[in-house]
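Please look over the model shown here before reading the report. The text keeps to surface, charge and helix pairing.

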Amino acid sequence: MTKRAKKLEELKGELSKLCAMADDEGFEMIAYFIETAIREADEQLSQETRALKGPELRLHSRPF
């Protein structure tokens, strides 16, 4: 996992905490927007891991 992917995981964790706090306090719209940010972080994380796995997959699929 890259440094960038690790940072995304860390940010997702912090966003999850904030989302739970906002939800517990009755700030539904804020919680909704934080959930949207979490989904965006998931998408970016997915792209980061695909970018890493792409070259690996090409190496393994080459005939010798």
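The sections below go from the overall makeup to salt bridges, surface patches and contacts between distant parts of the chain.

## Overall makeup

The model is predicted. The protein has 64 residues, and 17% of them count as buried. Its secondary structure consists of 2 helices and 0 strands. Helix α1 covers 3-24 and helix α2 covers 28-61.

The accessible surface amounts to about 5,400 Å². Carbon and sulfur atoms account for 59% of that area.

## Salt bridges

The whole structure contains 5 salt bridges. One of them links the side chains of E10 and K7, with an N to O distance of 3.5 Å. These two residues sit in helix α1, 3 residues apart, which is about one turn of the helix. Both ends of the bridge are partly exposed: E10 has a relative accessible area of 45%, and K7 has 43%.

The side chains of E14 and K17 form a salt bridge at 3.3 Å, N to O. E14 and K17 are about one helical turn from each other because they are 3 residues apart in helix α1. E14 is partly exposed at 41% relative accessibility, whereas K17 is exposed at 54%. The two residues fall into separate classes because the boundary for exposed is over 50% relative accessible area, with partly exposed lying between that value and the 20% limit for buried.

A salt bridge also joins R50 and E43, where the closest N and O atoms are 3.7 Å apart. E43 counts as partly exposed, with 39% relative accessibility.

## Negative patch

Which residues gather in a patch of negative charge on the surface? The patch is made of D23, D24, E25, E28 and E35. Helices α1 and α2 are the elements that give two or more residues to this patch.

E25 lies in the loop between α1 and α2. With a relative accessible area of 57%, E25 is exposed. Residues enter a patch only with over 30% relative accessible area and no salt bridge, and the 57% of E25 is therefore above the area cut-off.

## Nonpolar patch

M29, Y32 and F33 make a nonpolar patch on the surface, with an area of about 360 Å². F33 belongs to helix α2. At a relative accessible area of 51%, F33 counts as exposed. The class follows from the cut-off of over 50% for exposed residues, so F33 is placed there by its 51%.

## K12 and its contacts

Is K12 buried or exposed? K12, a residue of helix α1, counts as buried, with a relative accessibility of 18%. The limit for buried is under 20%, so the 18% of K12 falls within that class.

Apart from its neighbours within four places in sequence, K12 is in contact with A41, D42 and L45. These three residues have numbers inside the range 28-61 of helix α2.

## Pairs across the sequence

R39 is located in helix α2. R39 is partly exposed, at 45% relative accessible area. Its C-alpha atom is 8.9 Å from that of K12, and the two residues are 27 residues apart along the chain. In this pair, K12 is the buried partner at 18%, while R39 is partly exposed.

A second pair is A20 and A31. These residues are 11 residues apart in sequence, and their C-alpha atoms are 7.3 Å apart in space. A20 is in helix α1. At 38% relative accessibility, A20 counts as partly exposed.

Terms used. Residues are numbered from 1 along each chain as its sequence is written. This is a predicted model: local features need pLDDT of at least 70, side-chain atom pairs count only at pLDDT 80 or more; totals for chains, interfaces and linings use all residues. Side-chain values use heavy atoms; hydrogens and water are left out. Patches are made of residues with over 30% relative accessible area and no salt bridge: like charges are joined within 9 Å, nonpolar side chains (Val, Leu, Ile, Met, Phe, Trp, Tyr) within 5 Å. Accessible areas come from the Shrake-Rupley method with a 1.4 Å probe; for residues, only the protein chains shown count as cover. A salt bridge is a side-chain nitrogen of Lys or Arg within 4 Å of a carboxyl oxygen of Asp or Glu. Lys and Arg count as positive and Asp and Glu as negative; His and the chain ends are not counted. The place of a charge is taken as NZ of Lys, CZ of Arg, CG of Asp or CD of Glu. Helices (H or I, at least four residues) and strands (E, at least two) are DSSP runs, numbered from the N terminus. Buried means under 20% relative accessible area, exposed over 50%, partly exposed in between (1.4 Å probe, protein chains only). Contact means heavy atoms within 4.5 Å.
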